[in-house]
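Please open the structure in a viewer and keep a selection tool at hand. The stops below are meant to be followed in order.

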Amino acid sequence: MRSSHPRSAAVAALVATALATGLLTGSAGAAEGTASAEPVRIHDIQGTTRTSPLSGKQVADVEGIVTGVRAYGSRGFWMQDPDADDDGATSEGIFVFTSSVPSVAVGDAVKVSGTVGEYVPGGLASGNQSMTQISRPAVTVVSSGNALPAPTPVNEYTVPAEYAPAGDPAAAGSINGLALEPSRYALDHYESLEGMNVRIGTSRVVGATDAYAGLWVSVKGWENPTRRGGTLYGSYASQNTGRLQIQQLAPLAQQPFPVADVGDKLTGPTEGPLDFNQFGGYTLVARTLGTVKAGTLAPEKTKAQAADELAVATYNVENLDPGDPQTKFDALAKAVVENLASPDVVALEEIQDDNGTKNDGTVSAEQTLTKFTAAITAAGGPAYQWRYISPQDNKDGGQPGGNIRQVFLFNPARVSFTERAPGDAVTGTGVVAENGKAALTHSPGRIAPADPAWDDSRKPLAGEFVFRGKKVFVVANHFGSKGGDEGLTSHHQPPVRSSEARRLLQAQAVNGFVKEILAVDAKANVLVLGDINDFEFSATTQALADGGALHPAILSLPKSERYSYVYQGNSQVLDQILTSPAIKKFTYDSVHINAEFAAQNSDHDPQVLRFRP
């Protein structure tokens, strides 16, 4: 399990820094430890805001019943006062960070003395909310075998529909200092239960089991459901309040974590302390874990294109390199053939160079593509050819040494590629008129590689294709990632999405290039596709479509099918295909084969568009 807490010395330093910068209440001097005048209760420590009024202070003989023990990773235990006050905003539970294996057991009645602190998972720059805890504890076990405080139910009736209050403008948009309103806002409700023993009943799985032994459920069965059982993130205001991450207290060696896919159900009671970590925020760390009841979800298969239809797809193959096991190549190849019906053109993202992350200056991807296309042929697919432009070494982002790039695969039996003075990593392609039609100066070619928008990022790959005598321009993209954006549970509301600025510039560059093509030939067939790394309702997508130059084809789908990725239980759009005005009739499919499943060949779902040029 991922660690949620640093060493106690780091906690003290972090508290002092947070207090000094005004993130937390209190003063920097208090972080050094000023003894409180009298013993306090847990709800006194938690207070009625997100940060403790006693942060940085010493407390003595705080009483509680141990409700959960974590003997690995971030070691410590949760305790809860069985005698709650009458204020719904004050939590009765708290985490005690011991750093070493705790010497207490569930059901122990304890007295704890130590330092109250606010730990920010991921650090202050992450924007995450803080978690109130007691560190450097002295623990006395008073008695054992006590009944646990009754779990607080978390369900569709208790969790409010509104997600979070608006941040305080005077505090840079932070909600840290606002009084909690747990009956009005979901984030406030969860915060009022921080560290407490909570329980959920049978809930649908909306985020598959991940590599860190966690999954996501929704306690609201009706909230923005997708057609296949997930929860749709359809706007910045539809954060989905019922989402909750589930992990377990038991070590994996003792109790393997269940494997679940979207659409399954976690049945029966799941009960344990409510934690907060940097990988999703509020997390029920189960002392008692429900049972997974498998659903009927299966990978989708798209319809094959008709003889007179051009099928174009985009697929992020997640850092594919020759060192990956043959099973990965075979699985991806099988998906291209069986699930995508062997599209005529496939834009691939995250094709790495011939030795993957070995950082030795290699930039060619010939071995990667030879191995992949051979696997496709072996799976019964066409003998794809490919075109790409090798990046400059370590200039396009991604894993160091991996040199990811976009690649065109095309089936020469169905479509031809028009070669025009192939470009290089630093030479941009342009648009010229040729017999009254638009043409590229370099095909394949990169779009404005010297533009600062593409610094340390993948440059778009443009190419000309001909299908049944008709020219089609295809632009393959892999925009900048969302790395650095604050999570939905940020103490800033709305969260800061700093990565959008880069993608907005990238979208404007691609939009401008498409407008150059359309200025020469307004009826040109242009497809812009790839891992756009942004939502269909985002400013990025709006910038791509600016002036009517492009249309997001995914909008043709019912809302319940508009997603290509599942993140923290939210089914959302990252991968897109956009069409120029000449492409009026088409069929579109987001082919759900990866994102909803614990067993994945990639974390993205491919997209396919079919049309008659």
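What follows is a tour of a predicted model, from a sheet to a buried arginine, then to salt bridges and a helix.

**The open sheet**

Begin by selecting the strands S7, S8, S13, S14, S11, S10, S9, S12 and S15, in that order; they form an open sheet of 9 strands with mixed pairing. At its edges stand S7 (152–153) and S15, and each has a single partner strand, so one side of each lacks a neighbour in the sheet. Next, display strand S12 (residues 265–267) together with S15: the two run antiparallel and are joined by 3 bridges. Within this pair, threonine 267 is placed opposite threonine 291 of S15.

**Arginine 204**

Remain in the sheet and select arginine 204, which belongs to strand S9 (residues 203–207). Which side chain of opposite charge is nearest to arginine 204? It is glutamate 223, at 6.0 Å; arginine 204 is buried yet has no salt bridge. Since a salt bridge requires a side-chain nitrogen within 4 Å of a carboxyl oxygen, the 6.0 Å separation does not qualify. Now show the backbone oxygens around arginine 204: its side chain reaches that of glycine 229 at 3.0 Å and that of glycine 230 at 2.6 Å. To see the wider surroundings, add residues in contact with arginine 204 beyond its neighbours within four places in sequence, among them Trp216, Val217, Lys220, Pro225, Thr231 and Asp264.

**Salt bridges between separate parts of the chain**

The structure holds 27 salt bridges, and the following selections visit some of them. Select aspartate 275 and arginine 70, whose side chains form a salt bridge at 3.4 Å, N to O. Aspartate 275 is located in strand S13 (residues 270–277) and arginine 70 in strand S2 (residues 57–70), so the pair ties together parts 205 residues apart in sequence. Aspartate 275 counts as buried, with 0% relative accessibility. Arginine 70 is buried as well, with a relative accessible area of 2%.

Move next to aspartate 308 and arginine 612, where the salt bridge is 2.9 Å, N to O. Here aspartate 308 is found in the loop between strand S15 (291–293) and S16, and arginine 612 in the segment after strand S32 (607–611), so this pair ties together parts that are 304 residues apart in sequence. Aspartate 308 is partly exposed, its relative accessible area being 29%.

Then select glutamate 464 and arginine 420; the closest N and O atoms of this salt bridge are 2.8 Å apart. Glutamate 464 lies in strand S24 (residues 461–467) and arginine 420 in the loop between strand S20 (416–418) and strand S21 (431–434), 44 residues apart. Are these two residues, glutamate 464 and arginine 420, buried or exposed? Both are buried.

For a network of salt bridges, select Arg227, Arg228, Glu300, Glu561 and Glu596 together.

**Helix H4**

Finish with helix H4 (residues 326–339). At 1.5 Å a residue, its 14 residues should span 20 Å, and the 19 Å between its end C-alpha atoms agrees with this. Colour its buried residues: Lys328, Phe329, Leu332, Ala333, Ala335, Val336, Val337 and Asn339. What covers the buried residues of H4? The cover includes strand S16 (310–320) and helix H5 (366–378). As a last selection, take alanine 341, which follows H4 and has a positive phi, near 60 degrees.

Key. Residues numbered from 1 in each chain as written. Predicted model: local features only at pLDDT ≥ 70, side-chain atom pairs only at ≥ 80, totals over all residues. Heavy atoms only, no water. Helix = DSSP H or I, 4+ residues; strand = E, 2+ residues; numbered from the N terminus. Expected span 1.5 Å × (residues − 1). Buried < 20%, exposed > 50% of the residue type's maximum accessible area, 1.4 Å probe, protein only. Contact = heavy atoms within 4.5 Å. Pairing = 2+ DSSP bridges. Lys, Arg positive; Asp, Glu negative; His and termini not counted. Polar contact = N/O pair within 3.5 Å; in protein donor to acceptor, adjacent residues only side chain to side chain.
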